Amino acid sequence: MLYYIKYFTINSTLKYTVKTVKFQGVLYIAKIKIKVIAGSIRPGRFNIQPATWIAEIAGKTSNLDVELVDLQELDLPFYNEPKPAMMGNYELEHTKKWAKTIGEADGFIFVTGEYNHSYTPVLAN
């Protein structure tokens, strides 16, 4: 199975993306999977509002499959696997679940506040 992502420019400001899948000589148009990640877990956080809004608006696009990933709901602990993440050999269930959630996406939109002129600690983890 071959995957192709093609970018078309309709005019100078609008770009259109199509992901096609070629299977047994037949070309299919596939939806692009986007994860909108709400990158703050603080009480009274604001980022969940624009993250939800972005996911709703983007979800109305016919060629996108959009999912909101709220890090507060996932309640991930600090990375505590015995092996580095780049190896992809996870032993703990929460890490396997997170890797599956992230691995199925074609792209990401991070919605996060600023913390000391950088991203939030939960995203650093």
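**Close-up views of a predicted model**

**View 1. The largest pocket and what lines it.** Helix α3 gives the largest share of the lining of the largest pocket, five residues. The model shown here and in every view below is a predicted one. The pocket holds about 760 Å³ of space. Its lining runs to 33 residues, and those closest to the pocket centre are L71, P121, V122, L123 and N125. Besides α3, the elements that put two or more residues into the lining are α2, β6 and α4. By residue type, the lining splits into 19 nonpolar, ten polar and four charged residues.

**View 2. The whole chain, for orientation.** Before zooming in again, here's the layout: the protein has four helices and six strands. Follow the sequence and the elements come in the order β-β-β-β-α-β-α-α-β-α. Of the 125 residues, 23% are buried. As for long-range contacts, take the ones between residues at least 6 apart in sequence: 48% of them join residues at least 24 apart.

**View 3. The largest nonpolar core.** Nine residues make up this core: I32, I34, V36, A38, A51, A55, A58, V66 and V111. Two elements give two or more residues each, strand β4 (32-38) and helix α1 (48-59). Strand β4 has the largest share, with four residues.

**View 4. K35 and E67, a salt bridge between two strands.** The closest N and O atoms of K35 and E67 sit 2.4 Å apart, and the two residues form a salt bridge. This one ties together distant parts of the chain, since K35 belongs to strand β4 and E67 to strand β5 (residues 64-70), 32 residues apart. The two ends differ in how much of them shows. K35 has a relative accessible area of 2%, so it counts as buried, the cut-off being under 20%. E67 comes out at 35% relative accessibility, which means it is partly exposed.

**View 5. K100 and E104, and the network they belong to.** K100 pairs with E104 in another salt bridge, with 3.6 Å between the closest N and O atoms. K100 is exposed, because its relative accessibility is 58% and the cut-off is over 50%. E104, with a relative accessible area of 33%, is partly exposed. Now bring back the pair from the previous view: through salt bridges that share partners, K35, E67, K100 and E104 are joined into one network. Across the protein, the count of salt bridges comes to five.

**View 6. K96 and E93, a salt bridge within helix α3.** Here the side chains of K96 and E93 meet in a salt bridge, 3.8 Å from N to O. The two residues are three apart in helix α3, so about one helical turn separates them. K96 has a relative accessible area of 37% and is therefore partly exposed. E93, at 57% relative accessibility, counts as exposed.

**View 7. T112 and its contacts.** T112 lies in the loop between β6 and α4. Which residues does T112 contact, leaving aside its neighbours within four places in sequence? They are G39, N47, T120 and L123. With G39 the C-alpha to C-alpha distance is 4.6 Å, although T112 and G39 are 73 residues apart in sequence. T112 itself is partly exposed, with a relative accessibility of 32%. L123 may ring a bell: it's among the residues closest to the centre of the largest pocket.

**View 8. D75, a loop residue with a positive phi.** Most residues other than glycine have a negative phi. D75 is not a glycine, yet its phi is positive, at about 50 degrees. Look for D75 in the loop between α2 (71-74) and α3 (93-103). Is D75 buried or exposed? D75 is exposed, because its relative accessibility of 63% lies above the cut-off of 50%.

**View 9. H117, another positive phi in a loop.** H117 isn't a glycine either, and its phi is positive, at about 65 degrees. The loop that holds H117 runs between β6 (107-111) and α4 (121-124). T112, from View 7, is found in the loop between β6 and α4 too. At 75% relative accessibility, H117 counts as exposed.

Conventions: Residues are numbered from 1 along each chain as its sequence is written. This is a predicted model: local features need pLDDT of at least 70, side-chain atom pairs count only at pLDDT 80 or more; totals for chains, interfaces and linings use all residues. Side-chain values use heavy atoms; hydrogens and water are left out. A nonpolar core is a set of buried Ala, Val, Leu, Ile, Met, Phe, Trp, Tyr and Cys residues joined through side-chain atoms within 4.5 Å. Buried means under 20% relative accessible area, exposed over 50%, partly exposed in between (1.4 Å probe, protein chains only). On a 1 Å grid over the protein atoms alone, a cavity is a set of points where a 1.4 Å probe fits but cannot get out, and a pocket is an open set with protein on both sides within 12 Å along at least five of seven lines; lining residues have an atom within 4 Å of a point. Grid points are joined across faces, edges and corners, and a volume is the space filled by probe spheres set on the points. Ala, Val, Leu, Ile, Met, Phe, Trp, Tyr, Cys and Pro count as nonpolar, Asp, Glu, Lys and Arg as charged, and the others, Gly among them, as polar. A salt bridge is a side-chain nitrogen of Lys or Arg within 4 Å of a carboxyl oxygen of Asp or Glu. Contact means heavy atoms within 4.5 Å.
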